[in-house]
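Here are a few notes to go with the structure as you page through it. Have it open beside you and take the points in order.

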Amino acid sequence: MSMTRRIPWMKYASASSFYPLANRLVPIFMGLAIVLAVIGLYVGFFVAPIDYQQGNSYRIMFLHVPAAWMSMFIYLLLAVYAIISLVWRVKMADIMAYSLAPTGAMFTFLALLTGALWGRPTWGTYWIWDARLTSELLLLFLYLGYMGLYSAIPDRQRASRAASFLAIVGVVNVPIIYFSVVWWNTLHQGSSFSVSDGASMTSDMLSALLLMTFACWAYAIAVVLRRAQAVILERKKVALWASQISRKKES
Amino acid sequence: MHRMLWKLFNRDMALFMQRKQDIVTVLGFFLVAVALFPLGISSDPELLREIAPGAIWIAALFSTVLALDRLFSEDMDDGTLEQQLLMPLPISLVLLVRLIAHWVVTSLPIIVLTPVMGVQFGLNLDEIVILTFSLLLGTPVLVLLGAIGAALTVGLKSSGGLVTLLLLPLYVPVLILGTSSVSSVMAGMEVTAHFSLMGAALIVSLVLSPFAVATALKITID
Amino acid sequence: MLSIEGLAAEREERLLFSGLSVTLSAGEGLHIVGKNGTGKTTFLRILCGLTSPAAGSIKWQGQDTRLFREEFCSDLLYLGHKNANKVELDCRENLKLSLGVKEVSSAEIDDALHEVGLGLLLHLPARFLSQGQQRRLSLARLLLTKARLWVLDEPYTALDYKAIEWLDSQLECHLKNKGLLVLTSHQTLTMSNTIRELNLGELNA
């Protein structure tokens, strides 16, 4: 009967060692995020010079570009965790993937929103079907699909596997989607505007951009770890509840 | 093996043909959707010609999604899906045969009607041929990819909206290729590149998608 | 013939059973018992390969059933909770469909349907059949299959006493012919003592 005890214990081992670790990491990264964001915004708004073409409106780039980077990177990370969870059945990997999704979707939305706000003064319109904006929109759909499928399947184990599988299919498709959209864009608009990072970036602009990127990173790490903690607690509660019920049935 | 697969195909065809109502619904949806474009946008012949490939492709795309709803759900409910997965044949092969039968029953009628739609939108013969051919190459890809979404959502209540959300990003490349092939011929350009890419997409999805669908089904009926 | 080693199943984060090891040789039957929710159906589904186990392995003729899936499936007949009948097809078509790619003559099909008492309803779409008749239609495939391992989930459900007797005689006949049988049932079996009992509830405690 030693087998009986070992199986669940093994599976929760990683989660139970993760929990106190996350407790220590979350405040550190949250603090780091705030400090970096304050410095980054200061450099971005007051130190970096005015762009000779776009004036002050380009400064939204300091949020837009990190958000767009994060949105793509988080999806990649999510897919990696999905593979680990699907192939090696590591529950912690599934919890991480699940916790990454809302933050990734948030950054995608932020990238779209700031892109639209940037577009207004630059192109004179909030939205153009630019290749990058369009693929960012499709990325948002991929995130929503992952979260939608996860929450739609009542059995959690099944939900986790199905959503993980979807994330993997999605990540295979991301480059295909991107290239097809770029191709479509050149076909329909010729050489149109694009959200160019600008060739003439001063070192101040670059450092503001990097600071903001690191701030976003720290924020994402803190929030995702905290969410993972909440998910662990929630799942443990359900498991406890289920085992209590089954014990009650037997006695 | 060949004879077994042929028998399987006939079996699936017979089953699908039993649900005539579904076939009519999908076809009706396609016709109505296409007819709504001129009513909703404009009856200007020049404009109609321009939007024709997109309108017909989008209608075909959503008809495919609509038809996919019935691909596994009924078999899941009555227990025949499990029996299919227990056949002494590779699951991916069983599923591939089923998907081909599904395509013949639901997509082929749409393709047959496409030239009529093309005439309604004022396309000339060349353009109609290209449009029909693009659907002939593209709709199997839609079915093959769509089956992954259908398998992932099988057994869920009111999964229609979710399937659409899951499939939309996957369908975008196919849609772009399909419509732009017709736009290119309208602009007097070559379309071989489009068709080579679509052919490649078809081959890749024919090879990979059955395995993906099998994996997805194993997950959801687990 | 059939050997199960260290099988464990999990549902909703809950361990249903674990360390389940059992061997079944030709002509033997296994009756899975246990209260509701102890994992009887899950066990049968794992056995067939429809559900993946949390741990353990299943061997058929010494070969892992997951690696030699097709060989195993050609020896396997599974009847689940659901009858696997298509409501829009009639009895004949349903039976033919359920036999998959196997070649069976229509005379054999009609004979089988006569034997399960559906002889007068050959052309009736399955949606007009009663629960018991639906069950009998799905049990008719026992007569036509050459599968050596029968996995039956609650086969007695909705059957009247005559049909129960008929099913008992079929199962005994199958065991006598060196077939293997795994079934779940809430009622005590009145068949020969070649059928062992396995209580999943006790295993878990």
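**Notes on loops and helices**

1. Start in chain C, with C:Lys178, which sits in the loop between α7 and β8 (180–184) of that chain. Its phi is near 65 degrees, a positive value in a residue other than glycine. Keep in mind throughout that this is a predicted model.

2. On the other side of α7 there's another residue to look at: C:Ala158, found in the loop between β7 (149–153) and α7 (161–176) of chain C. Phi of C:Ala158 is near 70 degrees, again positive in a residue other than glycine. Is C:Ala158 buried or exposed? Neither, quite: its relative accessibility is 43%, so C:Ala158 counts as partly exposed.

3. Now hop to chain B and pick out helix α5, residues 91–106. With 16 residues at 1.5 Å a residue, α5(B) should span 22 Å, and its end C-alpha atoms are indeed 22 Å apart, so the two values agree. As for its surroundings, α5(B) is mostly covered, with 13 of its 16 residues buried.

4. Before the helix pairs, a word on how to read them: two packed helices are described by the angle between their axes and the distance between the axes.

5. Staying in chain B, helix α3 (residues 45–78) packs with helix α7 (residues 125–152) of chain B at an angle of about 30 degrees, their axes 9 Å apart. Angles under 35 degrees count as roughly parallel, so α3(B) is roughly parallel to α7(B). Their crossing is right-handed.

6. Who touches whom in that pair? From α3(B), the contact residues include B:Trp57, B:Leu61, B:Leu68 and B:Phe72, while those from α7(B) include B:Leu131, B:Gly138, B:Leu142 and B:Ala150. By type, the contact of α3(B) with α7(B) divides into 15 nonpolar, five polar and two charged residues.

7. Over in chain A, have a look at helix α2 (residues 61–88) and helix α4 (residues 131–152), which pack at an angle of about 40 degrees with axes 11 Å apart. That angle makes α2(A) and α4(A) oblique to each other. The way α2(A) passes α4(A) is a left-handed crossing.

8. Finally, the residues behind that contact. On the α2(A) side are A:Ala68, A:Ser71, A:Met72, A:Ile74, A:Tyr75 and A:Leu78, and they meet A:Glu136, A:Leu139, A:Leu142, A:Tyr143 and A:Tyr146 in α4(A). Sorted by type, the residues of this contact come to nine nonpolar, one polar and one charged.

Note on methods
Residues are numbered from 1 along each chain as its sequence is written. Chains are lettered from A and ligands numbered from 1 in the order in which they are written. This is a predicted model: local features need pLDDT of at least 70, side-chain atom pairs count only at pLDDT 80 or more; totals for chains, interfaces and linings use all residues. Side-chain values use heavy atoms; hydrogens and water are left out. Axes are lines fitted to C-alpha atoms, for helices over the stretch in contact, and angles run from 0 to 180 degrees between N-to-C directions. Helices (H or I, at least four residues) and strands (E, at least two) are DSSP runs, numbered from the N terminus. Angles under 35 degrees count as roughly parallel, over 145 as roughly antiparallel, 65 to 115 as roughly perpendicular and the rest as oblique. A crossing is left-handed if the near helix is turned anticlockwise from the far one by less than a right angle, and right-handed if clockwise. Contact means heavy atoms within 4.5 Å. Ala, Val, Leu, Ile, Met, Phe, Trp, Tyr, Cys and Pro count as nonpolar, Asp, Glu, Lys and Arg as charged, and the others, Gly among them, as polar. The expected span of a helix is 1.5 Å times one less than its number of residues. Buried means under 20% relative accessible area, exposed over 50%, partly exposed in between (1.4 Å probe, protein chains only).
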